[in-house]
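Colleague: Hey, could you walk me through this one? I haven't looked at it before.
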Amino acid sequence: MSTINKRFKNITIFAFTILFMLIVSLSLLSLLLSANVYATHISEPILSIDSDAQYDMNETISINGWVKYNEKPTSDVLVLLKLLNPNGNEIFQDQVRSDQSGNFTSNINLLGSNVTEGGTFTLSAISQCKDEHRNICAYKSTSQTLVVIN
């Protein structure tokens with residue numbers, strides 16, 4: 001075989017090797033890009049309630065808090081508030097949306113919420129995320145105990 005033919009053969013083999021490696025690389029990249037990738041929305045409600053306070057059964061409790069996202073307040077997040085009595089039964093539920101400053105507020109009228117005796121109640125706040133992030137929402141929550149006296 002002549003020197004020119006050997007050179008041509010070596011160049012051809014090299015070119016096909018490069019082409020093969022390029023095709024394999026592009027195929028792997030395509031698989032990675034087409035894989036199901038799931039993101040999450042991680043807004044978290046923060047309750048701003050005095051943990052040492054005690055509430056009377058006839059009292060209206062003002063619930064205040066804010067929504068944290070990436071360590072900053074965020075607006076337009078739906079927050080689900082639930083109050084459970086000492087037996088674990090839900091006696092109050094409300095949905096509030098964080099304002100432009102990230103704050104939310106609600107009022108719980110204990111007299112109208114079937115509270116018949118005092119005890120330690122549990123208030124939960126669960127992020128329902130922004131409407132456009134609902135399908136990737138992590139539903140982060142926080143809870144705090146409230147002491148209700150007779």
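Colleague: For starters, what is the bridge partner of I46 in β3?
Modeller: That's W66. This is a predicted model, where local features need pLDDT of at least 70, side-chain atom pairs count only at pLDDT 80 or more, and totals for chains, interfaces and linings use all residues. Residues are numbered from 1 along each chain as its sequence is written, and side-chain values use heavy atoms, with hydrogens and water left out.
Colleague: How many bridges do β1 and β3 pair over?
Modeller: 4, with β1 (residues 44-47) and β3 (residues 60-69) antiparallel. Strands here are DSSP runs of E, at least two residues, numbered from the N terminus, and two strands pair if DSSP finds at least two bridges between them.
Colleague: And what about β3 and β7, how many bridges there?
Modeller: 7, again in the antiparallel sense, with β7 covering residues 103-109. G65 stands opposite F104 in β7.
Colleague: Which residue takes a positive phi in the hairpin of β3 and β4?
Modeller: N70, near 55°, and that hairpin has 2 residues between the strands. β3 and β4 (residues 72-73) run antiparallel, joined by 2 bridges, and K68 stands opposite P73 in β4.
Colleague: Switching topic: where is D76 found?
Modeller: In the loop between β4 and β5 (78-84). D76 has a positive phi of about 65° although it is not a glycine. Most residues other than glycine have a negative phi.
Colleague: Is D76 buried, exposed or partly exposed?
Modeller: Partly exposed, because its relative accessibility is 33%. Buried means under 20% relative accessible area, exposed over 50%, and partly exposed in between (1.4 Å probe, protein chains only).
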